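Let's take a walk through this one, a stop at a time. Keep the viewer open and follow along.

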Amino acid sequence: MAEIIIMPKLGFNMDEGQLVRWNKNQGDKVSKGEVLFEINTDKTTMPVESTLDGVVLKTMLEEGAFAPVFTPIAVVGNEGEDADAVLAAAGEETVTAPIPQENEEAAVQDTQQMHMATDDLKSLKLTPKAKKFVKEEGIDPTTLTGIKGTGFRGGITAKDIKASPLARKLAEKTGVDLANVQGTGTGGKVMKADVEKATATSAPDIALKDRDDKKILSVTPYKGVRKIIGDRLSQSKFTAPHLYFTDSIDTTNLTAFRKQLNAMNDTKIAVSDLLILAASKALQKYPEVNASLVDEQIICYKSTNVGMAVAGDNGLIVPVVKNAQEKSLTQIAKKTRELVEKAKTGKLAQDEYTGGTFSISNLGMFGIENFTAIINPPESAILSVSSVRKTPVVVTDENGEDTVVIRPIMNIQLSVDHRIIDGLLAAKFVGYMKELLEEPIKILI
């Protein structure tokens with residue numbers, strides 16, 4: 001018995017997925033538990049396994065395309081089975097890309113139009129099943145007036161309503177007249193792909209045309225990982241009142257300490273590893289910073305789950321070192337190396353980039369002198385770390401005399417959610433981070 005494969009919902013906030021790769025092509029044999037395809041979820045690539053043995057009878061989504069969750073994207077069954085018949089029996093259709101959801105205002109207008117169309121239903125000779133289908137799918141009854149019914153005494157049945165729901169929605173958006181579209185579905189049913197074909201032949205593609213004297217290099221849909229990142233950061237920036245605290249760190253001792261550690265340790269220690277352990281220690285000293293505002297409650301965490309922002313193939317992602325307070329510096333170094341490698345290749349599991357309580361964004365390796373990071377919700381603080389630069393500073397000796405010397409200076413900036421973290425608390429946290437990084441032996445004590 002053939003089975004329709006859908007775009008799975010792999011996260012609470014996942015509304016659509018992007019097909020990255022078909023591991024099995026149409027016509028290939030597949031075994032239960034074997035990877036059938038891979039998708040991008042919110043920030044990582046996940047393999048999806050076949051749930052039965054059989055043959056890939058049909059694939060309905062191109063690599064790189066998006067589809068809403070629960071949308072059919074393939075059919076797997078016994079060799080010789082008719083995939084289109086299986087889809088038709090289930091009332092599904094081929095999908096090549098998702099239809100954008102209408103905004104709230106448009107949805108309200110559609111609801112009003114449906115109420116206005118109730119009278120139109122009475123004037124049509126629809127079977128009970130056809131009436132139910134029209135109401136459930138939000139079909140405008142006026143578009144059915146030309147249909148020749150095949151039911152009792154010329155009644156219009158659900159089968160007589162030739163266009164699929166997705167095809168109707170797309171036709172409404174693009175202005176395509178369904179009466180002029182040749183259907184390729186079962187019984188001549190007009191499918192979404194048929195409307196797309198009619199749209200392509202009847203209207204020019206204006207997306208890539210130059211406009212306003214600006215030559216366009218490419219056009220990329222604002223969706224998927226990039227949209228998720230944008231939505232989350234917008235939510236954070238406009239919901240949480242950000243407050244910023246900046247200080248400079250003399251890294252003379254930090255560099256020497258790290259060099260000494262690496263001379264004695266087989267596992268190489270990076271600056272980011274020291275930052276994670278220092279942040280964990282500071283969060284234990286000031287647990288009010290290690291907090292979230294959830295459902296009108298301030299939750300302080302015992303676990304210091306420190307995330308480190310990484311630029312991967314799928315965009316910015318923050319792998320998290322869980323319970324850093326229970327780990328040694330060497331254990332943290334091994335864990336961060338593993339997580340960063342997975343992040344860069346899009347192989348992080350969901351629990352490896354969720355559950356953070358504090359984040360660090362380090363752009364020092366890119367030579368950035370100073371920058372401001374946006375809090376990663378639902379966390380309440382994030383530390384931005386800039387590059388180390390040789391800077392003239394004033395040093396006071398034991399006799400109270402000032403001398404100008406050149407020192408390696410690194411800027412750090414703490415962004416906090418001012419709703420739950422006050423300025424004095426943030427200042428103390430930054431001061432303690434400065435103390436730990438300038439006297440790094442204290443990180444291990």
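One term before we set off: helices and strands here are DSSP runs, with at least four residues for a helix and at least two for a strand, numbered from the N terminus. Also keep in mind that this is a predicted model.

With that in hand, pick out strand β9, which covers residues 242-250 and includes Asp250. Is Asp250 buried or exposed? Its relative accessibility is 16%, and the cut-off for buried is under 20%, so Asp250 counts as buried. Its side chain makes a polar contact of 3.0 Å with the side chain of Arg407. If you skip the neighbours within four places in sequence, the residues in contact with Asp250 are Arg407, Pro408, Ile409 and Glu438.

Now for a sheet. Strands of a sheet pair through backbone hydrogen bonds, either parallel or antiparallel. Here we have an open sheet of 4 strands, running in the order β1-β8-β6-β3 with antiparallel pairing. The edges belong to β1 (3-6) and β3 (29-30); each has a single partner strand, so one side of each has no neighbour in the sheet. Start from the β3 edge and step inwards: β3 pairs with β6 (residues 54-59) in the antiparallel sense, over 2 bridges. To find the register, look for Val30, which stands opposite Gly54 in β6. Strand β6 itself is mostly covered, with 5 of its 6 residues buried. One more step takes you to β8 (residues 72-77), which pairs with β6 over 4 bridges, again antiparallel. Here a handy marker is Lys58, whose bridge partner in β8 is Val75.

Next, some backbone geometry. The loop between β10 (291-294) and β11 (297-300) holds Asp295, and Glu296 sits in the loop between β10 and β11 too. Asp295 has a positive phi of about 50° although it is not a glycine. Glu296 is also a non-glycine residue with a positive phi, about 65° in its case. What about their surroundings? Asp295 counts as exposed because its relative accessibility is 69%, and Glu296, at 78%, counts as exposed as well.

For another backbone detail, go to the loop between β16 and β17, where Pro378 is placed. The peptide bond from Pro377 to Pro378 is cis, with omega near 5°. While you're there, look for Ile368, found in the loop between β16 (358-362) and β17 (381-396). Ile368 is partly exposed, at a relative accessible area of 32%. Together with Met365 and Phe366, Ile368 forms a nonpolar patch on the surface, and the three share about 330 Å² of accessible area.

On to the charges. Side chains of opposite charge can pair when their charged atoms come close. How many salt bridges does the structure hold? The count is 14. One of them joins the side chains of Glu34 and Lys24, at 2.9 Å from N to O. Glu34 lies in the loop between β3 and β4 (35-40), and Lys24 in the loop between β2 (16-22) and β3, so the salt bridge ties together parts that are 10 residues apart in sequence. The two ends differ in cover: Glu34 is partly exposed, with a relative accessible area of 30%, whereas Lys24 counts as buried at 16%.

Another salt bridge runs between Lys342 and Glu352, whose closest N and O atoms are 3.0 Å apart. This pair links distant parts of the chain, with Lys342 in helix α10 (residues 329-344) and Glu352 in the loop between α10 and β16, 10 residues apart. Lys342 is partly exposed, with a relative accessible area of 26%, while Glu352 counts as buried at 12% relative accessibility.

Last of the pairs on our route is Glu439 with Lys442, whose side chains meet in a salt bridge at 3.4 Å, N to O. Glu439 counts as partly exposed at 38% relative accessibility, and Lys442 is partly exposed as well, with a relative accessible area of 27%. Finally, go back to Lys342 and Glu352: with Lys335 and Glu338, they are joined into one network by salt bridges that share partners.

Terms used:
Residues numbered from 1 in each chain as written. Predicted model: local features only at pLDDT ≥ 70, side-chain atom pairs only at ≥ 80, totals over all residues. Heavy atoms only, no water. Patch = residues over 30% accessible without salt bridge, like charges linked within 9 Å, V, L, I, M, F, W, Y side chains within 5 Å. Areas by Shrake-Rupley, 256 points an atom, 1.4 Å probe, with all protein chains shown as cover. Salt bridge = Lys/Arg side-chain N within 4 Å of Asp/Glu carboxyl O. Buried < 20%, exposed > 50% of the residue type's maximum accessible area, 1.4 Å probe, protein only. Polar contact = N/O pair within 3.5 Å; in protein donor to acceptor, adjacent residues only side chain to side chain. Contact = heavy atoms within 4.5 Å. Pairing = 2+ DSSP bridges.
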